[in-house]
Amino acid sequence: FRVPYDPTKEYETRERIEWYCSTLQRPTNYVNVLHIDLFEEFCRFLDGKPFGKKHPSYLKYLTDKEQIDDAASEGVSRSLAQNAQSDAFIKYIHERILAHKALDDKLHKPYVFVSGIGNIYPYLRLSTFLNKYEEYNQTQEYKLIVFYPGTPVGNSFKLFDRFDDQHVYRAALILDFRN
């Protein structure tokens, strides 16, 4: 499912997502929602990934490299994109969802809210994420609800209301936060 929102209202949308999560997670509803911010998860993924023997955090290595050498920024960007689009990162997200589903808290876990699309761009596009996640998606177990900073145009989107996306999404529009 997709929920587009006005990119100029990023902070209000983040608050709204958190409100929805807390409202749905009340024990009286017997529901527990997982909210995944792709950018935050990507940072955790890189931070937990060693680089060689000297660097226990690939994220720290890339950050240090870019601060020391301005010419390295293109290589750092390329490395970030490769890692964000990697099967390892997609599997990491899937494992986060499975760990949430496995919690023995007697609560139903029907939804996974996905945000951070604007923050992880240009390293990972929503279409790439959804295509790669397709093999892991367990629609009978949970529904992915993606919050997207942009405007729907038919079955495509305009990221930040500026960048055309040529991909067609099968996701249904359930809410429109742009108003």
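# Briefing: helix packing and local environments in a predicted model

Helices α2 and α5 are roughly perpendicular to each other, because angles of 65 to 115 degrees count as such and their axes cross at roughly 110 degrees. The model is predicted. Its chain holds seven helices and six strands, and 41% of the 179 residues count as buried. The points below cover the overall build, the packing of helix α2, the pairing of strands β2 and β3, and selected residues in loops and helices.

**Overall build**

- Read from the N terminus, the elements follow the order β-α-β-α-α-α-α-β-α-α-β-β-β.
- Contacts between residues at least 6 apart in sequence join, in 72% of cases, residues at least 24 apart.
- The chain exposes about 10,400 Å², and carbon and sulfur atoms supply 51% of that area.

**Helix α2 against helix α5**

- The axes of α2 and helix α5, the latter spanning residues 87–102, come within 11 Å.
- On the α2 side, the contact is made by Leu38, Glu41, Phe42, Arg44 and Phe45.
- On the α5 side, Ala88, Phe89, Tyr92, Ile93 and Arg96 make the contact.
- By class, seven of the residues in the contact of α2 with α5 are nonpolar and three are charged, with no polar residues.

**Helix α2 against helix α4**

- Helix α2 (residues 38–47) and helix α4 (residues 73–84) have axes that come within 11 Å and cross at roughly 100 degrees.
- This crossing angle makes α2 roughly perpendicular to α4.
- Phe42, Phe45 and Leu46 of α2 meet Leu80, Asn83 and Ala84 of α4 in this contact.
- The contact of α2 with α4 comprises five nonpolar residues and one polar residue, and no charged residues.
- Phe42 and Phe45 of α2 take part in the contact with α4, and Phe42 and Phe45 also take part in the contact with α5.

**Strands β2 and β3**

- Strand β2 (residues 34–37) runs parallel to β3, and four bridges join the two.
- Within this pairing, Ile36 has Val114 of β3 as its bridge partner.
- Strand β3 (residues 111–115) is mostly covered, with four of its five residues buried.

**Between α2 and α3, and into α3**

- Ser57 is located in the loop that links α2 to α3 (58–68).
- The relative accessible area of Ser57 is 9%, so Ser57 is buried, the limit being under 20%.
- Apart from neighbours within four places in sequence, Ser57 is in contact with Leu46, Asp47, Lys49 and Pro50.
- Lys60 belongs to helix α3 and has a relative accessibility of 52%; Lys60 therefore counts as exposed, the limit being over 50%.
- Lys60 and Asp47 are 13 residues apart along the chain, and their C-alpha atoms are separated by 6.8 Å.
- Asp47 thus appears twice in this region, as a contact of Ser57 and in the C-alpha pair with Lys60.

**Helix α4**

- Ser73 lies in helix α4 and counts as partly exposed, at 30% relative accessibility.
- From C-alpha to C-alpha, Ser73 and Thr63 are 9.6 Å apart in space, with their positions 10 residues apart in sequence given as their separation.

**The loop between α6 and α7**

- Pro122 is found in the loop between α6 and α7.
- A cis peptide bond joins Tyr121 and Pro122, with omega at about 10 degrees.
- In general, most peptide bonds are trans.
- Arg125 also sits in the loop between α6 (117–120) and α7 (126–133).
- Arg125 has a relative accessibility of 26% and counts as partly exposed.
- The C-alpha atoms of Arg125 and Gln85 are separated by 8.6 Å, although the two residues are 40 residues apart along the chain.

Technical notes. Residues are numbered from 1 along each chain as its sequence is written. This is a predicted model: local features need pLDDT of at least 70, side-chain atom pairs count only at pLDDT 80 or more; totals for chains, interfaces and linings use all residues. Side-chain values use heavy atoms; hydrogens and water are left out. Buried means under 20% relative accessible area, exposed over 50%, partly exposed in between (1.4 Å probe, protein chains only). Two strands pair if DSSP finds at least two bridges between them. Contact means heavy atoms within 4.5 Å. Accessible areas come from the Shrake-Rupley method with a 1.4 Å probe; for residues, only the protein chains shown count as cover. Axes are lines fitted to C-alpha atoms, for helices over the stretch in contact, and angles run from 0 to 180 degrees between N-to-C directions. Angles under 35 degrees count as roughly parallel, over 145 as roughly antiparallel, 65 to 115 as roughly perpendicular and the rest as oblique. Ala, Val, Leu, Ile, Met, Phe, Trp, Tyr, Cys and Pro count as nonpolar, Asp, Glu, Lys and Arg as charged, and the others, Gly among them, as polar.
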